[in-house]
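User: Could you take a close look at one helix for me and walk me through what it touches? I'd like one connected answer rather than a list.

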Amino acid sequence: MDKLKLAMLAGAYAIRNNKKLECGEYVYNVFENPESISWKDAEKYLVCAFNGLNPEECEIKHDEK
């Protein structure tokens, strides 16, 4: 498996399993033209990219216990 794809999947699972990231967002370039993405959306984009899907057209469901 391609190392980049494996890293994307690992990142998605790290986000999913980190309770501190259940809410909030990642902010890039805080002091100049900041951009942000919610952690939930970041996970979705990583999983969709891994599977070759368009993140705007897919949804990730989590098994709730």
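User: Let's zoom in on helix α2 (residues 39-51). Which of the residues in α2 are buried, and what do the buried residues of α2 pack against?

Analyst: Sure. Keep in mind that this is a predicted model, so treat every number here as computed from it.

Let's start with the helix itself. α2 has 13 residues and reaches 19 Å from its first C-alpha to its last, close to the 18 Å expected at 1.5 Å a residue. Right after α2 comes Gly52, with a positive phi near 70 degrees.

Now the inward-facing part of your question. Ala42, Glu43, Val47, Cys48 and Phe50 are the buried residues of α2, and they pack against α1 (3-17) and β2. A bit of helix geometry is handy when you look at that list: an α-helix has 3.6 residues a turn, so residues three or four places apart point the same way.

Two of those buried residues are worth a second look. Over the ring of Phe50 sits the charged end of Lys5, 5.3 Å from the ring centre. Cys48, meanwhile, is in a disulfide with Cys58, the two sulfur atoms being 2.1 Å apart. Turn the view along the S-S bond and you'll find 65 degrees about it, which makes the link right-handed. Cys48 belongs to α2 while Cys58 is in the segment after α2, so the disulfide ties together parts ten residues apart in sequence. Both ends are tucked away: Cys48 has 2% relative accessibility and counts as buried, and Cys58, at 17%, counts as buried because the cut-off is under 20%. Cys23 is another story, exposed with a relative accessible area of 60%. The disulfide count comes to one.

Next, the aromatic side of the helix. The model has one aromatic pair. Its rings belong to Tyr26 and Trp39, with centres 5.9 Å apart and planes at 65 degrees; anything over 60 counts as edge-to-face, so that's what this pair is. Trp39 is in α2 and Tyr26 in strand β1 (residues 25-28), so the contact links distant parts of the chain, 13 residues apart. Tyr26 is partly exposed, at 42% relative accessible area.

That brings us to the strands. β1 pairs with strand β2 (residues 35-38) in the antiparallel sense, over four bridges, and Tyr28 stands opposite Glu35 in β2. The two strands form a hairpin with six residues between them, and Asn29 in the turn has a positive phi of about 60 degrees.

So, back to α2: its buried residues pack against α1 and β2, Cys48 carries the disulfide to Cys58, and Trp39 pairs with Tyr26 of β1.

How values were computed: Residues are numbered from 1 along each chain as its sequence is written. This is a predicted model: local features need pLDDT of at least 70, side-chain atom pairs count only at pLDDT 80 or more; totals for chains, interfaces and linings use all residues. Side-chain values use heavy atoms; hydrogens and water are left out. A disulfide is a pair of cysteine sulfur atoms within 2.5 Å. Buried means under 20% relative accessible area, exposed over 50%, partly exposed in between (1.4 Å probe, protein chains only). Rings of Phe, Tyr and Trp (its six-membered ring) pair if their centres lie within 6.5 Å; planes under 30 degrees apart count as stacked, over 60 as edge-to-face and the rest as tilted. A charge sits over a ring if NZ of Lys or CZ of Arg is within 6 Å of the ring centre and within 35 degrees of the ring normal. Two strands pair if DSSP finds at least two bridges between them. The expected span of a helix is 1.5 Å times one less than its number of residues. Contact means heavy atoms within 4.5 Å.
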